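I opened this notebook to record what I looked up, entry by entry. The structure comes before the entries.

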Amino acid sequence: MAKKRLVVLTGAGISAESGFSTFRDNNGYWDKYDPEDVASIRGWERDRQYVLDFYNGVREQLRDASPNRGHMLIASLEKDYDVDVITQNVDNLHERAGSTRVLHLHGEVTKVRPEKGAYDRDFSVSEVFDIGYERVDVGDLAPNGTQLRPHIVWFGEAVPNIEKAMDIVMKADIFLIVGTSLSVYPAAGLYRYVRDGVPIYVIDPKDVNLRDKRVVHIREKAGVGMEKFIKILENSR
Ligand code: NAD
């Protein structure tokens, strides 16, 4: 029998237990940086080195971090389910945990692209480079001669992968949301593409911005929450 299709939408909360702070919980990292300064084109135009240093720091932190139990359990579900992960995160912890189909909505911190390039007009153009955990500074240029910028979707920029994400969500047999407050659009509206009759689970210690009578809210952190979710799946098979 064909495996059921499980679609998992994740946000900053899935990586919290790996030491990555979320935007809205208290932590020194974001206390030091205003998201508007480091995640907007205005911030970039004001001070490129400041923005590059922020992402250099995130890359360094990511190099030294490991996937947590939540990431691992999501990857383990590929044994029994056809799993797609759609993540708002820019880290690579899902991939490092073993998930094989991961769609990044807001870019990837381990990648860069020219600040002025063909990609800005056509997202299918291949101008994106994987730099792993290397740093980037003002003066580091792309082959087209313009400054390299982080391959991150900043506030106000288009989300190139949103249509792919909608298509994936429409095919879900089970929809799971982990660690996102659902306050950043268009990602926050993706659940509207879940077909009628498909169950929606939310793993988050707090309330999230989603009112739908199908929602089963598992009020836990990602690791424990995923264990409970897997038990629910086992009991409903
Ligand atoms: P958010 O900060 O708005 O919401 C995080 C959610 O995670 C909250 O609802 C919170 O209750 C929950 N949470 C906190 N600890 C948790 C845990 N241990 N387990 C499960 N849930 C937990 O984050 P968001 O909705 O992802 O939106 C913020 C934006 O910030 C996203 O676009 C994302 O790209 C970016 N961001 C990414 C990273 C990363 O890549 N790791 C980190 C911070 C922010």
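Entry 1, terms and basis. I count two strands as paired if DSSP finds at least two bridges between them. Helices (H or I, at least four residues) and strands (E, at least two) are DSSP runs, numbered from the N terminus. The model is predicted, so I note that local features need pLDDT of at least 70, side-chain atom pairs count only at pLDDT 80 or more, and totals for chains, interfaces and linings use all residues. Residues are numbered from 1 along each chain as its sequence is written, and side-chain values use heavy atoms, with hydrogens and water left out.

Entry 2, the sheet. I looked up Thr10 and found Val178 in strand 7 as its bridge partner. Strand 1 and strand 7 run parallel and are joined by five bridges. The open sheet has six strands in the order 3-2-1-7-8-9, with parallel pairing. Strand 3 and strand 9 (215-218) are at the edges with a single partner strand each, so one side of each has no neighbour in the sheet.

Entry 3, helix 7. Which residues of helix 7 are buried (under 20% relative accessible area, 1.4 Å probe, protein chains only)? I found Ile162, Ala165, Ile168 and Val169. They lie on the same side of helix 7, because they cover an arc of only 115 degrees around the axis (taken from the directions from the helix axis to the C-beta atoms). On the other side, Glu163 and Lys164 are exposed (over 50%). The buried residues pack against strand 1 (5-10), strand 2 (82-87), strand 3 (102-104) and strand 7 (174-178), with contact meaning heavy atoms within 4.5 Å.
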